[in-house]
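Reader: I've got a model open and I'd like to learn how to read it. Can you walk me through it?

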Amino acid sequence: MLDTRMLSSAIVEGDVEQARHLAEQIAADPGLDPVMALEQGFIPGIREVGRLWQEGEYFLPELVQGAEAMKAAMAALTPRLARSGGHKARGKVVLGTVAGDLHDIGKSLVGALLVAHGFEVEDLGVDVPVCAFIDRAREGRADIVAASALLTTTMVTQRALVEAVAEARLDCAVLIGGAPTSARWAREVGAHYAESAPEAVEVACRLVQSR
Ligand code: B1M
């Protein structure tokens with residue numbers, strides 16, 4: 001049985017070894033659900049780190065340490081998520097966090113769940129300029145360009161991306177997400193929106209089905 005509080009604590013305490021160890025145990029046990037471990041354990045942990053930081057209880061080193069623990073957990077879970085994805089690609093997604101933004105946990109989670117649901121994902125990483133999204137989407141004949149933004153200062157780049165996709169006449173949908181974004185923002189810039197990584201999978205499935 002999953003003890004989700006232990007998973008969350010490992011992140012809140014910034015305990016990289018413990019987070020990796022717990023995630024490896026989950027990855028090795030076919031009876032445990034890695035998506036549930038993320039959604040009910042690890043993600044609430046990193047959110048709590050954010051809250052403690054915002055309230056001044058944690059300082060930058062603790063924030064970074066929590067993020068490191070989260071990344072260790074995700075790295076251990078990703079191969080298991082990928083194995084459940086099957087062999088026939090559902091569609092091709094070019095994914096990244098927009099320029100000026102270094103947050104990669106949510107974006108990587110979206111990528112891992114898309115792979116787990118059979119999508120081919122090219123992850124361009126963080127701090128990705130609009131032109132790199134466009135080049136890779138064109139060369140890779142992507143069905144979807146997916147862009148994450150975690151800062152109010154960087155979400156404006158999602159609008160620039162939608163405009164660049166239209167200007168380049170690419171035959172692909174633009175999917176956006178990230179904490180400061182919303183369905184309203186997506187409507188305003190002309191993109192598709194997902195609030196969470198599981199929702200990103202649902203939206204991506206709908207988008208490729210309707211093509
Ligand atoms: Co930063 N940071 N950070 N940070 N950080 C936030 C985002 C912030 C909200 C914290 C706060 O003030 N409470 C705040 C942003 C405020 C704002 O602009 N509105 C903030 C700030 C200000 C900053 C710095 C400017 C701090 C500084 O240096 N003074 C700086 C910026 C650096 C930069 O990017 N240029 C900074 C740096 C960092 C760290 C490096 C220390 C670290 C990131 C480490 C890393 O990613 N490798 C970090 C972290 C960890 C956070 C918080 C605590 C957690 C983010 C996270 O990973 N959440 C965050 C506070 C918070 O979110 N509560 C915060 C877990 C993750 C699973 O959630 O990414 O939201 P999230 O993804 C969700 C959904 O949004 C969605 O799915 C996921 C869940 O299923 N989603 C998508 C995400 N992308 C999607 C894409 C999609 C669809 C859905 O389609 C394409």
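Author: Sure. Start with the inventory: the protein has nine helices and five strands. Keep in mind that this is a predicted model.

Reader: In what order do the elements run from the N terminus on?

Author: They go α-α-α-α-β-α-β-α-β-α-β-α-β-α.

Reader: What radius of gyration does the protein have, and what would a compact globule have?

Author: With 211 residues, a compact globule would come out near 17 Å, and the protein has 17 Å, so the two agree. Along the principal axes, the C-alpha atoms fill a box of roughly 50 × 40 × 25 Å.

Reader: What share of the residues is buried?

Author: Buried means under 20% relative accessible area. Of the 211 residues, 49% fall in that class.

Reader: Which way do the residues of E4 point?

Author: Ala 173, Leu 175 and Gly 177 point one way, Val 174 and Ile 176 the other, and all are buried. That matches the tally for strand E4 (residues 173-177), where five of its five residues are buried.

Reader: In which sense do E3 and E4 pair?

Author: Strand E3 (residues 144-148) and E4 pair in the parallel sense, over five bridges. One of the partnerships to look for joins Ala 146 to Leu 175 in E4.

Reader: And how many charges are there, positive and negative?

Author: The protein has 20 positive and 29 negative charges, and their mean positions are 8 Å apart. As for the surface, about 10900 Å² is accessible, with 52% belonging to carbon and sulfur atoms.

Terms used. Residues are numbered from 1 along each chain as its sequence is written. This is a predicted model: local features need pLDDT of at least 70, side-chain atom pairs count only at pLDDT 80 or more; totals for chains, interfaces and linings use all residues. Side-chain values use heavy atoms; hydrogens and water are left out. Helices (H or I, at least four residues) and strands (E, at least two) are DSSP runs, numbered from the N terminus. The radius of gyration is taken over C-alpha atoms; the globule rule is 2.2 Å times the number of residues to the power 0.38. Buried means under 20% relative accessible area, exposed over 50%, partly exposed in between (1.4 Å probe, protein chains only). Accessible areas come from the Shrake-Rupley method with a 1.4 Å probe; for residues, only the protein chains shown count as cover. Lys and Arg count as positive and Asp and Glu as negative; His and the chain ends are not counted. The place of a charge is taken as NZ of Lys, CZ of Arg, CG of Asp or CD of Glu. Two strands pair if DSSP finds at least two bridges between them.
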